[in-house]
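Visitor: Could you walk me through a structure, feature by feature? I would like the general idea each time, and then the case at hand.

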Amino acid sequence: MAWAPHGLANGTVTTKWPRRPDAYFDDFPASVEVVVPEDAAPAADAAVLAAANACPTRAIAVEAGEVSLDRGRCILCGRCTRLAPETFRFEPGSATASLGREGLIVGAHEENDEALQRLRADLKARVRHLGRSVHIRHVDAGSDGSDEWELQALSSPVYDIHRLGIFFTASPRHADILMVTGIGTDGMAGPLRRTLDGMPEPIVVMAVGTDAVSGGLVGGGYTDGIGIAPRLASGGRGVDVWVPGSPASPFSVLHGILLALGRVDESGLRTRRGGRA
Ligand code: SF4
């Protein structure tokens, strides 16, 4: 019965995000940013080159003196922030999900607004018919298990995604969203395809975690996994929402789910479709 006084002492721990701001959502350092000085491109100096060379996943690119960082490859090891603190820093905020793979690249790189609008409109048309209750089928396509810990947290009292009408389901037949973690191993190509075949249209696909986005640190080895996109492309499918992070934090995953459903925007603010969320 020790939980009773503990519970009474702590009160309600469930976040009210996105209906109300949450300091943990806003403050958690979920990504690395390229610091762009006013009126200038980030300098590709010796420290930046050292950081690019030290990056274990080659997430940093220096081209024609311009610096960019691919959050879809970043495993948040922090080496670049220590070697070149003037240029790289951890960015507070859990709104890291993106509708386009290009949106995960920050720094000198600029996202194509027109392409993003098209992605947004296509997704909006597909999720229009989903009701207020949404079911997710999760498939581990070669994960190290860390992403799964974060997904489990979504059903805990702190995040309690059921309050938003979001549930995990064991059956693809009942699922609206396919959520994939892991590097996309060769052996998981078949199970992924069968899961997709078993799901009713419309299907929304989420790649969760840097491993699923790009293969991360261990991708490209004997398992041939470089992210889930090539596995899905062979079945004529694409990824709709990309959630970086190694692992992706529960709030970032939740941001990705609500972004897919059009209930929040890229910056995590509630949209009109957000309704009671
Ligand atoms: S924090 Fe990310 S970008 Fe920086 S060195 Fe580590 S993996 Fe590379």
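Guide: Gladly! Keep in mind that this is a predicted model. Let's begin with charge pairs: side chains of opposite charge can pair when their charged atoms come close. Here the count comes to nine salt bridges.

Visitor: Which residue forms a salt bridge with Arg89, and how far apart are the closest N and O atoms?

Guide: The partner is Glu91, and the closest N and O atoms of the pair are 3.7 Å apart. Another of the salt bridges joins Arg126 to Asp122, with 3.0 Å between the closest N and O atoms.

Visitor: Back to Arg89: why does Arg89 count as partly exposed?

Guide: Partly exposed covers the range between the 20% and 50% cut-offs in relative accessible area. Arg89 is placed in that class because its relative accessibility is 42%. Glu91 is at 22%, so Glu91 counts as partly exposed too.

Visitor: Let's turn to the domains. Where do they begin and end?

Guide: Domain 1 covers 29–94, and domain 2 covers 113–260. Between their C-alpha centres there are 26 Å. Ten residues from domain 1 and twelve residues from domain 2 take part in the contact.

Visitor: And how do I read the size of such an interface?

Guide: The size of an interface is often given as the accessible area lost when the parts come together. In this model, domain 1 and domain 2 bury about 790 Å² between them, and 61% of that is on carbon and sulfur atoms.

Visitor: Which three residues supply 55% of the area that domain 1 buries against domain 2?

Guide: Gly72, Ile75 and Ser94, and no other three residues supply more. By class, the side of domain 1 that touches domain 2 has five nonpolar, three polar and two charged residues.

Visitor: How many salt bridges are there between domain 1 and domain 2?

Guide: Zero. For polar contact, though, the count between domain 1 and domain 2 is three residue pairs, with both residues at pLDDT 80 or more.

Visitor: One last feature, the cysteines. How many disulfides does a search of the whole structure find?

Guide: The search finds zero disulfides. You can still read the surroundings of a cysteine from its accessibility.

Visitor: Then is Cys55 buried or exposed?

Guide: Cys55 counts as buried, because its relative accessibility is 14%, and buried means under 20%. Cys80 has 10% relative accessibility, so Cys80 counts as buried as well.

Note on methods
Residues are numbered from 1 along each chain as its sequence is written. This is a predicted model: local features need pLDDT of at least 70, side-chain atom pairs count only at pLDDT 80 or more; totals for chains, interfaces and linings use all residues. Side-chain values use heavy atoms; hydrogens and water are left out. Domain bounds come from an automatic or database domain assignment. Contact means heavy atoms within 4.5 Å. Buried area is the accessible area (1.4 Å probe) that two parts lose on being put together, summed over both. A salt bridge is a side-chain nitrogen of Lys or Arg within 4 Å of a carboxyl oxygen of Asp or Glu. A polar contact is a pair of N or O atoms within 3.5 Å; within protein, one must be able to donate a hydrogen and the other to accept it, and residues adjacent in sequence count only if both atoms are side-chain atoms. Ala, Val, Leu, Ile, Met, Phe, Trp, Tyr, Cys and Pro count as nonpolar, Asp, Glu, Lys and Arg as charged, and the others, Gly among them, as polar. A disulfide is a pair of cysteine sulfur atoms within 2.5 Å. Buried means under 20% relative accessible area, exposed over 50%, partly exposed in between (1.4 Å probe, protein chains only).
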